[in-house]
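Let's take a walk through a protein together, one stop at a time. Keep the sequence and the 3D view side by side as you read.

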Amino acid sequence: MKENSAHYEFSLTNQFFADIDAPEIQKGKLQVQLDVKKTMGIYVLNFHIEGSLVVPCDRCLDDMELPVETDDTLKVKLGLEFSDEDDMVIVPEEDGYINVAWFMYEFIALSIPMKHVHAPGKCNKGMMGALNKHLRTSADEEDEMDDFLDEEEMTDEPSEAREIDPRWNELKKILDNN
C-alpha cells in the first residue's frame, strides 16, 4: 500500500470455502469490498460482505440458501510478533502483510443465524413426516408438524402411535413428588 488508503474487491465462491477448510460453511457466492485506511500507524480495514450461502437446514437436512450482508472492521498495526487480541491484530514488521482470508470467513460465519431452518412449509415433506412419527413434544408442536404430513400419511397411521409411551407417565410421577 503506497498511499494512505486503498480499495480491494474479492469474489468468494465455493472454492474459497473448500480452501479455507472450515466445517460451518461449504458453499456460497459473496462479494467482499475492503477499504484500507492508514492513520497514525494503524491500518483500519473496513469489510462489506454481501451475497448468499448454502447451508443444511437443521430440521430437514436439505440445502437452503441464506442471504448475507455484513459490515465489519479490523484494526492492524505493525509490531515485533504476531498477536490477535481484542480488536487489534499485530503483524510482524518483517512480514509486513496480513492474510485476510480467515478474517473474512469469520465475519461471514458470525453473520449467519445459529438456527438454519426453511420458512414454514418449505422443509422436505418426507423428512418432516419421518420426524413427526418419532418425535412428540407438545400438542402445539404436533399441530405444526402435522402441516408437513400429507393427508394419506395421517389417515394410515394407527392411533396407538400417537399415544405417549406409558414409561413417560411413570417418570412424570417423580416430578410430582418434588
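Start with the stretch that deserves the most caution: over residues 148-157, pLDDT stays under 50. That score is the predictor's confidence in each residue, from 0 to 100. For this stretch the model has 14 contacts beyond four places in sequence, where a contact means heavy atoms within 4.5 Å. For the protein as a whole, the mean pLDDT is 79, and 83% of the residues reach 70 or more.

A word on the ground rules. This is a predicted model, in which local features need pLDDT of at least 70 and side-chain atom pairs count only at pLDDT 80 or more, while totals for chains, interfaces and linings use all residues. Residues are numbered from 1 along each chain as its sequence is written, and side-chain values use heavy atoms, with hydrogens and water left out.

Now for the overall layout. The protein has six helices and six strands; helices (H or I, at least four residues) and strands (E, at least two) are DSSP runs, numbered from the N terminus. Follow the chain along its sequence and you'll meet them in the pattern β-α-β-β-β-β-β-α-α-α-α-α. Of the contacts with a separation of 6 or more, 52% are between residues 24 or more positions apart.

What about inside and outside? Buried residues make up 30% of the 178 residues. Here buried means under 20% relative accessible area, exposed means over 50%, and partly exposed is in between (1.4 Å probe, protein chains only). The accessible surface comes to about 12,700 Å², and 50% of that belongs to carbon and sulfur atoms. Such areas come from the Shrake-Rupley method with a 1.4 Å probe, and for residues only the protein chains shown count as cover.

Let's move to the strands, beginning with E2 (residues 27-39). Lys37 is found in this strand and, at 47% relative accessibility, counts as partly exposed. Its C-alpha atom is 4.3 Å from that of Ser5, although the two are 32 residues apart along the chain. Leaving out residues up to four places away in sequence, Lys37 touches Asn4, Ser5, Ile42, Tyr43 and Val44.

Just past this strand, Met40 lies in the loop between E2 and E3. Met40 is exposed, with a relative accessible area of 84%, and its phi is near 50 degrees, a positive value in a residue other than glycine. Why point that out? Most residues other than glycine have a negative phi. Leu61, in the loop between E3 and E4, also has a positive phi, near 70 degrees. Leu61 is exposed too, at 57% relative accessible area.

Between those loops, find His48 in strand E3 (residues 42-56). Setting aside neighbours within four places in sequence, His48 is in contact with Gln31, Val32, Gln33, Glu69, Thr70 and Asp71.

How many salt bridges does a search of the whole structure find? There are two, a salt bridge being a side-chain nitrogen of Lys or Arg within 4 Å of a carboxyl oxygen of Asp or Glu. Side chains of opposite charge can pair when their charged atoms come close. In one of the bridges, Asp63 meets Lys27 at 3.7 Å, N to O. Asp63 sits in strand E4 (residues 63-79) and Lys27 in strand E2, so this pair ties together parts that are 36 residues apart in sequence. Lys27 is partly exposed, at 38% relative accessibility.

The other bridge joins Lys173 and Glu170 at 3.2 Å, N to O. These two are three residues apart in helix H6 (residues 166-177), which separates them by about one helical turn. Lys173 is partly exposed at 47% relative accessibility, and Glu170 is partly exposed at 48%.

Stay with H6 a moment longer, since it also holds Trp168. Trp168 is exposed, at 51% relative accessibility. Together with Ile164, Leu171 and Ile174, Trp168 makes a nonpolar surface patch of about 420 Å². Patches are made of residues with over 30% relative accessible area and no salt bridge: like charges are joined within 9 Å, nonpolar side chains (Val, Leu, Ile, Met, Phe, Trp, Tyr) within 5 Å.

Our last stop is helix H3 (residues 125-134), where Met128, Gly129 and Asn132 are buried. Seen down the axis of H3, the buried residues fall within an arc of 105 degrees, so they line one face of the helix. That arc is taken from the directions from the helix axis to the C-beta atoms.
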